[in-house]
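Please read the points below with the sequence and the model side by side, taking them in order.

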Amino acid sequence: MNVNQWLFFFLGVQLLHFFGTWKLYQKAGRKSWEAAIPIYNSIVLMKIINRPTWWTVLLFIPIINLIMFPVVWVETLRSFGKKSSNDTLLGIVTFGLYIYYINYTQEVVYHAERSTTATTKVGDTVSSLLFAVIVATFVHTYFIQPFTIPTASLEKSLLIGDFLFVSKMNYGARVPMTTVAAPMVHDTLPLIHSKSYLKLPQLPYFRFPGFEKIKNNDIVVFNWPGDTVVKFFDKTGPRVDKPIDKKSNYVKRCLGIPGDSLKIIDGIVYINGKKLILPERAKPQFSYVVVYDKKTPIDIEGLLFDLKINAADAPGAMNQNNDSLYFPAVTAESAEKLKHITGFTSVERFVNKKPDLSVFPHSKPWNIDNYGPIYIPKEGKTVPLDLISLPLYKRIISEYEGNKLELKGNEIFINNKKATSYTFKQNYYWMMGDNRHRSEDSRYWGYVPENHIVGKPIFIWMSWNSEGKGIMNKIRWERLFTTVSGEGQPKSYFKVFLFLLVAYFVGEHFWKKRKNN
C-alpha cells in the first residue's frame with residue numbers, strides 16, 4: 001500500500017470509530033465531535049475508559065496495536081456496564097463492531113468511577129500475561145530478537161545450534177511492513193504450522209536511525225531475497241510469495257557494501273582491487289583434494305576428529321576414491337596439518353574453473369570461485385544500462401524498486417520510457433558464507449536490498465551440539481555467553497553471568513531479611 005492508500009485507510013478507520021462510538025462519548029459527558037478527530041479521539045477515549053493517556057501510543061505501533069485493540073474494545077464495553085463474559089466474547093469476535101450495537105440500541109450508563117483493577121485471580125493473570133506479551137513483542141520487534149543458526153554456511157565462526165541475540169538497534173530498527181501478524185513468531189505459527197500473517201495491509205518501508213552502518217566483514221541477519229519456500233529446508237515443495245519482512249531469515253558475512261567493486265579470483269575475494277582481509281575470528285573454509293599413498297593405512301574418522309572437521313562436512317573424505325580424498329570444508333589451519341600427515345603426498349585447494357550458469361546473474365561465464373567483477377549498487381548512484389548490464393540489475397529495477405521493466409527488441413524501457421541508465425533508490429549489500437563451497441549466498445541470488453536487513457548478531461547465549469552424547473556434551477560450554485564480533489578469539493562470559501546471578505539472589509535474600517527486621 002502506498003501513502004495515499006494508507007491515508008484513505010486511516011481516515012476510513014476514523015470514520016468507523018466515529019459512527020460506532022459518538023453516542024457513547026456523549027453519555028460519558030464528552031462532545032460527539034471528539035470521536036471524529038484522529039488521534040485526539042484516542043486520547044479522549046483513554047480518559048473515558050479510565051486508562052493512561054500513553055496507551056494511545058500503543059494503538060499506533062504495528063503488531064502491538066493488534067493486542068491493544070481488543071483490550072480497548074473490552075474496556076470500552078465495561079465502562080458502560082457491559083462486563084459479562086458474553087459481552088467480552090462478542091466484543092472480540094466481532095472485531096469491536098459489537099460496540100455499534102451498544103451505541104445505537106442499548107440504553108447504557110457510563111461508569112466514570114469504574115475500578116480498573118482485576119477483581120479475580122483469572123482476570124489478574126490475563127492482565128499480567130497481556131502486559132508481558134506487549135513488552136516482549138515491543139522488545140522483539142524494535143530492540144533484540146532471538147535467532148538460531150540453521151546451516152553451516154558460517155561454520156567455525158557461527159555453528160549450527162548457536163542461539164543468538166540479534167540487535168535491531170545497531171543498523172536501525174525496521175518498522176514491520178506486515179501489519180497483521182502473530183506477535184513474536186516469524187512466518188509460521190508453531191504447532192499448527194500455518195501462515196502467521198496476512199499479506200495486506202502493508203506499511204511502506206521505514207527504518208529508525210541506527211548508531212552504525214554495515215561494514216565489510218560484518219555478520220548480518222537479513223531476509224533472504226529469493227525466498228519462496230514454505231518450509232526453510234524444503235526447496236522442492238510449493239512456492240509462496242512472501243512480504244519482505246516475512247521472508248526466511250538468513251545470516252551471512254557482508255563482504256561488499258554499497259559502492260564497492262567485488263571480484264573473486266580462485267576463491268579469494270577482492271574489494272576495490274584489494275584482497276579482503278578477514279577478521280581474526282573468521283574461519284573461511286575451502287575444498288581440498290588430498291593425494292595419499294595407498295600403502296599407508298589412514299584412520300579417516302580419527303583424522304576428522306583431530307582436525308575438528310565434522311563428518312557431515314567431509315562426505316568425500318569418507319569415500320576413498322582411487323588414491324585421493326576430497327575434503328569440502330577445511331580451514332587453512334587444518335589444511336596445513338593435513339600436509340604433515342604421514343602418507344599424504346599432496347594437499348591442494350580445489351578451485352572451480354568451469355563456467356556455472358546457476359550463479360547470479362545466470363548469464364556470465366562465472367562460478368563460485370572465479371566471479372565478477374561486480375558493482376554493489378549505492379543509493380543515488382547512476383549506472384549505464386544496456387543489454388550486457390541489464391541482467392545484473394533487472395531484479396533490482398523491477399522487483400526491489402517496483403518499476404515496470406520491458407525489453408523491446410534491443411531497447412530497454414522503464415515505466416514506458418526508453419532508458420540508457422538507471423539510478424538506484426536504495427543501498428544493496430553482498431553477503432557470503434565463510435564456508436565457501438557449502439553456502440547458498442549472493443553468488444547464487446545476487447544483491448541484498450537495504451530494506452531486507454534485519455539486524456546484527458551480538459551475543460551467543462546458548463550453543464547446542466545435537467551430535468553430542470549426553471546433556472553435558474551437547475552443550476558447547478566454551479561458546480556460552482560469547483560475543484559474535486570483536487577483536488581476538490571469542491571469550492565466554494558464562495562464569496561472569498553465573499557470578500552476577502548468584503550475587504543478585506544473595507543480595508535480594510539479605511535485603512528482604514533486613515527489611516523484615
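**Notes on the first helix and its pocket**

1. α1 is followed by G29, whose phi is positive, near 85°. Helices here are DSSP runs of H or I with at least four residues, strands are runs of E with at least two, and both are numbered from the N terminus.

2. Before going further, please keep in mind that this is a predicted model, in which local features need pLDDT of at least 70 and side-chain atom pairs count only at pLDDT 80 or more, while totals for chains, interfaces and linings use all residues. Residues are numbered from 1 along each chain as its sequence is written, and side-chain values use heavy atoms, with hydrogens and water left out.

3. The length of α1 can be checked by hand: because the expected span is 1.5 Å times one less than the number of residues, the 25 residues of α1 should span 36 Å, and the end C-alpha atoms are indeed 36 Å apart. α1 nevertheless bends by about 55° at T21, the bend being the angle between axes fitted to the seven residues ending there and the seven starting there.

4. T21 is also one of the buried residues of α1, together with W6, Q14, G20, L24 and Y25, where buried means under 20% relative accessible area, exposed over 50% and partly exposed in between, with a 1.4 Å probe and protein chains only. The buried residues of α1 pack against α2, α4, α6, β3 and β4, a contact meaning heavy atoms within 4.5 Å.

5. Which element gives the largest share of the lining of the second largest pocket? It is α1, with eleven residues, and α2, α4, α6 and β3 are also among the elements that each supply at least two. A pocket is an open set of points on a 1 Å grid over the protein atoms alone, where a 1.4 Å probe fits, with protein on both sides within 12 Å along at least five of seven lines, and lining residues have an atom within 4 Å of a point.

6. The lining of this second largest pocket has 34 residues, of which F9, V13, L59, F69 and W73 lie nearest its centre. The lining residues divide into 24 nonpolar, ten polar and no charged; Ala, Val, Leu, Ile, Met, Phe, Trp, Tyr, Cys and Pro count as nonpolar, Asp, Glu, Lys and Arg as charged, and the others, Gly among them, as polar.

7. For the wider setting, the protein chain has 13 helices and 24 strands, and of its 517 residues 43% count as buried.
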